[in-house]
2 protein chains.
Amino acid sequence: MKTDIEIAQSVTLKPITDIAHKAEIKEDDLELYGKYKAKLSFDAILEAEKNDKGNLILVTAINPTPAGEGKSTVTIGLADALSHIGKKTMIALREPSLGPVMGVKGGAAGGGFAQVLPMEDINLHFTGDMHAITTANNALSALIDNHLHQGNELNIDPRRILWKRVVDLNDRALRQVTIGLGSPLNGIPREDGFDITVASEIMAILCLATSLENLKERLASIVIGYRYDRSPVYVRDLKVEGALALILKDALKPNLVQTIYGTPALVHGGPFANIAHGCNSVLATTTALGLADYVVTEAGFGADLGAEKFLDIKVPQLPTTPDAVVIVATIRALKMHGGVAKTDLTDENVDALEKGFANLARHVANIRQYGVPAVVAINEFVSDTEAEIETLKALCASIDVPVALTSVWAKGAEGGVALAETLIKTLDTKPSDYTRLYQDNQSIEAKIEAIVTKIYGGNKVIFEKKAQTQIAQIVKNGWDNLPICMAKTQYSFSDDPTLLGAPENFAITIRELVPKLGAGFIVALTGDVMTMPGLPKAPAALNMDVTSDGTAVGLF
Amino acid sequence: MKTDIEIAQSVTLKPITDIAHKAEIKEDDLELYGKYKAKLSFDAILEAEKNDKGNLILVTAINPTPAGEGKSTVTIGLADALSHIGKKTMIALREPSLGPVMGVKGGAAGGGFAQVLPMEDINLHFTGDMHAITTANNALSALIDNHLHQGNELNIDPRRILWKRVVDLNDRALRQVTIGLGSPLNGIPREDGFDITVASEIMAILCLATSLENLKERLASIVIGYRYDRSPVYVRDLKVEGALALILKDALKPNLVQTIYGTPALVHGGPFANIAHGCNSVLATTTALGLADYVVTEAGFGADLGAEKFLDIKVPQLPTTPDAVVIVATIRALKMHGGVAKTDLTDENVDALEKGFANLARHVANIRQYGVPAVVAINEFVSDTEAEIETLKALCASIDVPVALTSVWAKGAEGGVALAETLIKTLDTKPSDYTRLYQDNQSIEAKIEAIVTKIYGGNKVIFEKKAQTQIAQIVKNGWDNLPICMAKTQYSFSDDPTLLGAPENFAITIRELVPKLGAGFIVALTGDVMTMPGLPKAPAALNMDVTSDGTAVGLF
């Protein structure tokens, strides 16, 4: 069987100018990065914003399991299938972080015959967006430490600096560090830490900004820490939002690439789905909505995290609301939610599937709470049995949710036609009537309680002492009017990763709240949230290489 | 008076495809980065390597002073002037580091009417080379720390790790740090530090590599530290040279841009001129030599550092040897070498000029030791008086070195014609007979003594105890067959930055030796060498901004 990179390298790519032509983007509005990648100019975005909006389709998933669900793959394959049946379609996808690529993943641009290309570039430096974000983030850090060193006019308390440095790598040794050591010439010694770039607030800002001006306003609003008197210090107090925006001016422009089948895809931005909102950029989605009749996009992790944040945080920044949500599930993963161990997944187990279906059913009900129709995509695996497939279809019918099998990994566009047709039928027959879960002017506690009780299925929220103090501070600073970005394990509806299926009657503990004034949300931490992954014993990097003519080896 | 960025933004750029056409580069061999930047494919490099070689002209300078010499500006202006008088010319220049741009410099792509464009892009992310180097450097760090954390199979002594992390920023607080703190899950606690990216050995490697294969071999040869038994640990022991080369595969390709006058310029690589060799990439220079009849390139700092390293370290990697060396001087700077304070430079002072001329005269003599003809370029300033100019011309005549005034900053190509004609005449009448200063098979001590006595004008080398121990270790490891890369203050021939002019009878103290097996040289440190600059009290970043249409403000 061919690997992803072998499939990708066997495809003859179309010039990106042809893809742009197909998407009705003027050649003059392209900023080429090689022959097969381009950024869209701000003019192109403004032009697209004037057009009628296409249908917005979100692809999300059940709670992820080690069995793998293939959400990005289905997103890409669904779009290819829509193109295949004659619909004018664009994809709006997140761009991968190099850290996981070098660590475990080896690549993150779809899989099999549902990939965005050139996968080597997308998985490595792409058009430099991640590097620009890393640089802007760390330039701010350097400017903060320089401010301390040069006399600390703003009276910043070095013990209460929230802003951390970042690298776009998995590097656990940088999670907690001490800086400024060795000499008075080396600045003020203090504790610091590095997050992975995709966890930077600047990534979230870039993905929520609606224009360069809006980007700059958001950057100016970042809270970098507190003064000795506990009053907040903003980036605007340091007067460096202009420099940061300058560093980010090209990174803000969406990147155009293509799928294996030549479907245009805007791959742009990729914030973490725990500490941030986990969706590609507002500008890419908005542009795609102006260019295509069908825009397929995705959100990180399961629907309790990714879709909730998409619907409550991202959608209010978009010019339109979602028309349908596709929930990806696999029979393997549902069986894990039903209690089967990973090693036993190849055995037929209809009982476990029925039990695990509760996870999917709750996600379907959740999406319906937003007034948006749901469609289930069963991402087929060779181990799925006929009995299991029929059971799952019957279960879906029992809750009246349309369902389709997809096999886009193995069959590409053809493998997604059933799903595409089911989706179109849903769009034609079930109008969306989107409504948010909560209102921003509710209290912090009420907003969190809405998410916990209505989406997670919990019955109680416990605010730890620290969180209570922080809520008081947030209210005092006038920041309580912002939406909530929940940081919770992706593996369970609860904050306990071992509680699979659809747990009930549990409490969610809020340990800490972090103001992200630039992104425009308050992060609520429910447990240890990993913002800097580590490398495994045998990192994927060990298998990577490049041939003398520049061909990439070992990405997959 | 217009600022550099205002001049740059007033120029109508030619499409980079036109510039490539002019340089006889096939359009198919271009990898476009927007409309005005492109990387050359490896095929383009191979094609160019087959051609006859053009004249190689190095631009260097007297020891720099706070008065400023304008070496890059003269390099660009000279090339424009050569083009202007009908010579087929290319520039091979270093690319700027973002750290100094955000710090003091605000920009580093020439000045006035002698600039490479688009200056905003070149000064910011350009084509991402710096970011790729940062990423490769830090990926290696993460892999080293992961190796320690996962059981340390190679028995690496965490106290003897040479490899440091980097950021492409001025960030003094990162010079000395403690990492791996906080939890057993966060790796092995140890001391570490960050250099600026241009000080990374990977930057030196990228600039000396002759092919992708050679790059990989050099990466494999990096010594990252020592085992508990003091034996060296190479990157090849970690088996990650393939991954690092993959990260660097595009960064290795030279970047094509244009000057204000449309002269093609390869701007590629920019290693520090103290800890490394301070020249643009071998691949860019080699490619330019195959494409043009005249290739103008530069080396960092004064000729004692930059030109010496160009001639002894870089030239052996080139397919040809230099045909002439242009030494840039200003009357202001020579007066400082003659003892005038910066505040008094606008006053005419022929005596000080005569005294300071000793600095220039020694650089001329030094270049002649290599068998390469020297030409002096006087970069004019408004404060220069007629008497001073005539004196300097007479002084140059007294040592029989051709001299020409240049005013390329103010007048562009026209302002460089006199220098271009003087250079052409020199090339036509004085054939170069290049010979290296020392042979690689001499001892470490003999090579350093050759540089100190023949170039610096010192009479003694003192090897501190630590340096002696390290030399013994270098010999034991079989590394003594490599050239020497001196790390010394750029302000003086000596290791004392306050000894201006042409000091004599001084000793140079070698404190430490650092093996750079990938770059292929041994660094000899003569004092505190700054590998991570700091930001000033009012960083250039404070003046930077971007308008809503994406126009850069505050680069200069």
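Which side chain makes a polar contact with the side chain of Asn255(A)? It is the side chain of Thr127(A), at 2.6 Å. I will come back to that residue in a moment.

A word first on what we are looking at. This is a predicted model. Chain A has a mean pLDDT of 95, and 99% of its residues reach 70 or more. The ipTM is 0.95 and the pTM is 0.96.

Back to Asn255(A). Please find strand β14 of chain A, residues 255–259; Asn255(A) is in that strand. Asn255(A) has a relative accessible area of 0%, so it is buried. Besides the contact with Thr127(A), a polar atom of the Asn255(A) side chain lies 2.9 Å from the backbone oxygen of Val267(A). Leaving aside residues up to four places away in sequence, Asn255(A) touches a list of residues that includes Ala38(A), Lys39(A), Glu95(A), Phe126(A) and Asp129(A). That list also includes Ala265(A), Leu266(A) and His268(A).

His268(A) takes us to the next stop, Ser281(A), because Ser281(A) touches His268(A) as well. Ser281(A) sits in the loop between β15, residues 264–267, and α12, residues 282–291, of chain A. With a relative accessible area of 0%, Ser281(A) is buried. The other residues it touches, again not counting those up to four places away in sequence, are Leu206(A), Cys207(A) and Lys314(A).Cys207(A) brings up the cysteines. How many disulfides does the structure hold over all chains? The count is zero. Cys207(A) is in no disulfide, and the nearest cysteine sulfur, in Cys279(A), is 8.3 Å away. Cys207(A) is buried, at a relative accessible area of 0%. In chain B, take Cys485(B). The closest cysteine sulfur to that of Cys485(B) belongs to Cys279(B), and at 9.3 Å the two are too far apart for a bond. Cys485(B) is also counted as buried, at 0% relative accessibility.

Now to a stretch with an annotation. An unreviewed UniProt entry lists a "binding site" made up of Thr65(A), Pro66(A), Ala67(A), Gly68(A), Glu69(A), Gly70(A), Lys71(A) and Ser72(A). I will take two of these residues.

Thr65(A) lies in the loop between β3, residues 55–61, and α4, residues 71–84, of chain A. Is Thr65(A) buried or exposed? Its relative accessibility is 8%, so it counts as buried. The side chain of Thr65(A) makes a polar contact, at 3.1 Å, with the side chain of Glu69(A), a residue that is also on the UniProt list. Beyond four places away in sequence, Thr65(A) touches Ala333(A), Met336(A) and His337(A).

Ala67(A) is in the loop between β3 and α4 of chain A. Ala67(A) is buried, with a relative accessible area of 8%. Its contacts, with the same exclusion of residues up to four places away, are Arg332(A), Ala333(A), Met336(A), Leu345(A) and Phe381(A). Ala333(A) and Met336(A) therefore appear for both Thr65(A) and Ala67(A).

Last, a helix in chain B. Helix α19 covers residues 444–456, which is 13 residues. From its first C-alpha to its last it reaches 17 Å, close to the 18 Å expected at 1.5 Å a residue. Which residues of α19(B) are buried? They are Ile444(B), Lys447(B), Ile448(B), Ala450(B), Ile451(B), Val452(B), Ile455(B) and Tyr456(B). After α19(B) comes Gly457(B), with a positive phi near 85 degrees.

Technical notes:
Residues numbered from 1 in each chain as written. Chains lettered and ligands numbered in written order. Predicted model: local features only at pLDDT ≥ 70, side-chain atom pairs only at ≥ 80, totals over all residues. Heavy atoms only, no water. pLDDT = per-residue confidence, 0-100. UniProt positions renumbered as here; feature names shortened; annotations may be inferred. Helix = DSSP H or I, 4+ residues; strand = E, 2+ residues; numbered from the N terminus. Buried < 20%, exposed > 50% of the residue type's maximum accessible area, 1.4 Å probe, protein only. Contact = heavy atoms within 4.5 Å. Polar contact = N/O pair within 3.5 Å; in protein donor to acceptor, adjacent residues only side chain to side chain. Expected span 1.5 Å × (residues − 1). Disulfide = S-S within 2.5 Å.
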